[in-house]
Amino acid sequence: MLEKKFEAFWDVFINYGGIDTVLEGLKNTLLIACIGLLIGIVIGTLLATIRVLPKSNIIVKILDKIAIFYVSIFRGTPMVVQLLIFYYVLMPLAGLHLKSVPVAIIVFGLNSGAYISEIMRAGILSVDPGQMEGGRAVGLSYGTTMTKIIIPQAVKNILPTMGNEFITLIKETSIVSFIGATDLYVAFQNIGNNNYEYMVPYLFMALIYIVLVVIISLIIKFMERSLRKSDKSL
Amino acid sequence: MIKVCNLHKKFGDNHVLRGIDYEIQKGEKIVVIGPSGSGKSTFLRCLNLLETPTEGEIYFDGEQINDKKCDINKVRQHMGMVFQHFNLFNNKTILDNITLSPIHNKLMTKDEAEKNARDLLERVGLSDKADAYPSQLSGGQKQRAAIVRSLAMNPEVILFDEPTSALDPEMVGEVLDVMKRLAKKGMTMVVVTHEMGFAREVADKVLFMDEGIIQEEAEPEEFFNNPKNPRLQDFLSKVL
């Protein structure tokens with residue numbers, strides 16, 4: 001039975017453009033997750049820096065409140081809801097006409113920014129306060145010490161957690177079909193739709209997700225190892 | 001060179017410094033001793049504004065540094081500090097630790113800064129550690145490297161905050177040696193320490209702090225042999 005189902009799948013995959021759909025889906029999945037992560041890192045670092053800034057003046061206090069609000073909004077609602085709100089509520093209200101993949105990238109970036117800011121904040125707080133004092137004492141500004149000393153060490157500490165965030169993003173891309181984007185899930189669903197045989201396509205889909213995640217894990221392990229060179233002990 | 005007027009520091013309800021007036025002259029070696037919690041480290045950290053005074057003024061070369069108009073980053077480039085826990089940058093090699101600020105603040109070119117750093121490292125016996133990371137060094141080596149880091153800025157004064165307190169006993173000597181050599185060269189130094197021998201040998205003035213004020217100030221001979229303040233007498237009887 002399985003053999004027949006596999007043949008049916010293979011037929012669609014090779015002869016009826018299935019492979020193109022899958023490549024398109026894979027491309028979108030990776031685009032959304034990767035660019036989303038990059039946007040998230042930028043937003044997250046910015047928010048985390050605001051959160052750890054000494055609350056010495058009113059502007060910082062207001063920015064801090066905004067950052068807290070931002071994080072609570074994006075952590076407090078499911079990403080599907082954010083996707084739908086952005087696509088079906090905010091965009092029409094603003095008169096914007098964006099394609100679904102760019103929208104997905106933006107929403108994934110905004111969302112992961114909230115999570116990454118918390119990860120980054122914990123990472124910054126985990127760096128010994130003496131590092132900041134050491135920097136300030138040799139006449140470096142707060143900002144320079146932050147970017148040259150604190151954040152590089154924080155990033156090293158949080159790399160495993162960031163890897164998890166990336167893996168989560170990859171897997172979460174399967175919700176972008178809600179706004180009509182073609183990701184891996186949609187691609188395999190389309191293949192199944194050809195002959196109403198979903199068993200093999202979905203198994204294949206799972207396999208591809210697993211392979212993606214394993215590859216990412218390996219890359220992160222490699223990065224951790226190369227960043228650990230400053231930890232070598234006597 | 002450094003003038004402190006009516007310095008107060010509160011942490012919440014905790015009144016740590018209760019009015020300190022003191023003046024440090026160029027070339028002087030001041031050693032500050034006192035029981036823990038007496039405010040001596042806080043006093044030192046106020047001098048380069050790592051702690052912001054609650055009240056009072058601090059002047060460095062005639063400029064009030066706890067004033068909003070003062071660029072503290074510039075001031076700190078002339079005021080070195082050596083910490084109990086070294087505070088070397090863990091993500092940088094020893095050479096980068098030393099050259100980061102001179103290069104970043106455009107006090108030296110990269111080549112000048114590196115040459116200067118290597119010269120200084122050689123003088124403290126660490127020339128082979130330039131490319132090592134802090135985690136690869138022993139405590140004594142880290143502290144010597146930290147001293148070099150502050151020296152590389154050509155500071156007018158170096159503040160030492162219990163520089164040997166976190167070291168294994170056999171490493172205390174190597175750090176004190178470097179400090180004594182600095183003192184001989186005429187560096188202005190303010191040292192918070194528990195090393196009475198160092199105070200006796202190097203200090204021009206020894207200060208005894210307790211309960212947030214300077215209880216006694218004297219030259220080491222007088223300070224150790226003829227203490228006047230009963231708290232100091234009590235303190236010395238316990239530590240000597």
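This report walks through a predicted model with two chains, A and B, starting with chain A, moving on to the contact between the chains, and ending with a few residues of chain B.

**Chain A on its own**

Let's begin with the fold. Chain A is built from 9 helices and 0 strands. Reading from the N terminus, its elements go α-α-α-α-α-α-α-α-α. If you lay the C-alpha atoms of chain A along their principal axes, they fill a box of roughly 70 × 55 × 20 Å. Chain A has 234 residues, and 44% of them count as buried.

How do the contacts spread along the sequence? Take the contacts in chain A between residues at least 6 apart in sequence: 76% of these join residues at least 24 apart.

As this is a predicted model, confidence deserves a look too. The mean pLDDT of chain A is 91, with 97% of its residues at 70 or more. Which helix of chain A has the lowest confidence, and which the highest? The low end is helix H1 (residues 2–15) of chain A with a mean of 81, while the high end is helix H6 (residues 129–137) of chain A at 96. Keep H6(A) in mind, since it comes back below.

**Where the two chains meet**

Now for the contact between the chains. Chain A brings 23 residues to it and chain B brings 27 residues. Together the two chains bury about 2,100 Å², and 53% of that area is on carbon and sulfur atoms. People often describe the size of an interface this way, by the accessible area lost when the parts come together.

There are 11 residue pairs in polar contact between chain A and chain B, counting pairs with both residues at pLDDT 80 or more. On the chain A side, the elements that give two or more residues are H6 and helix H7 (142–172) of chain A. H6(A) supplies the largest share of that side, with 7 residues. Sorted by kind, the chain A residues that touch chain B come to 6 nonpolar, 10 polar and 7 charged.

How many salt bridges link the two chains? The count is 1. Arg45(B) and Glu133(A) form a salt bridge, with their closest N and O atoms 2.6 Å apart.

Gln131(A) is a good residue to click on next. It sits in helix H6 of chain A and is buried, at a relative accessible area of 2%. Among the residues that Gln131(A) touches are Thr145(A), Ile149(A) and Ile150(A) in its own chain, plus Asn87(B), Leu88(B), Phe89(B) and Asn90(B) across in chain B. The side chain of Gln131(A) also makes a polar contact with the side chain of Gln153(A), at 2.8 Å.

From the other chain, have a look at Asn91(B). This residue is in the loop between strand S6 (79–82) and helix H3 (94–104) of chain B. Its side chain reaches over to the backbone oxygen of Lys148(A), at 3.1 Å. Is Asn91(B) buried or exposed? Asn91(B) counts as buried because its relative accessible area is 18%, and the cut-off is under 20%.

**A buried lysine in chain B**

Lys29(B) belongs to strand S3 (residues 29–33) of chain B. With a relative accessible area of 8%, Lys29(B) is buried. Its contacts, leaving out residues up to four places away in sequence, include Ala183(B), Gly186(B), Met189(B), Val202(B) and Asp204(B). Met187(B) is another residue that Lys29(B) touches, and the side chain of Lys29(B) reaches the backbone oxygen of Met187(B) at 2.9 Å. For a sense of distance, the C-alpha atoms of Lys29(B) and Gln141(B) are separated by 23 Å, and these residues are 112 residues apart along the chain.

**Two positive phi angles**

Most residues other than glycine have a negative phi. Here are two residues of chain B with a positive one.

| Residue | Phi | Place in chain B | Relative accessibility |
|---|---|---|---|
| Leu49(B) | near 65° | loop between helix H1 (40–47) and strand S4 (55–60) | 14%, buried |
| Asn154(B) | about 50° | loop between helix H5 (139–151) and strand S7 (157–161) | 55%, exposed |

Both are loop residues: Leu49(B) is buried, whereas Asn154(B) is exposed.

How values were computed. Residues are numbered from 1 along each chain as its sequence is written. Chains are lettered from A and ligands numbered from 1 in the order in which they are written. Side-chain values use heavy atoms; hydrogens and water are left out. pLDDT is the predictor's confidence in each residue, from 0 to 100. Helices (H or I, at least four residues) and strands (E, at least two) are DSSP runs, numbered from the N terminus. Contact means heavy atoms within 4.5 Å. Buried area is the accessible area (1.4 Å probe) that two parts lose on being put together, summed over both. A salt bridge is a side-chain nitrogen of Lys or Arg within 4 Å of a carboxyl oxygen of Asp or Glu. A polar contact is a pair of N or O atoms within 3.5 Å; within protein, one must be able to donate a hydrogen and the other to accept it, and residues adjacent in sequence count only if both atoms are side-chain atoms. Ala, Val, Leu, Ile, Met, Phe, Trp, Tyr, Cys and Pro count as nonpolar, Asp, Glu, Lys and Arg as charged, and the others, Gly among them, as polar. Buried means under 20% relative accessible area, exposed over 50%, partly exposed in between (1.4 Å probe, protein chains only).
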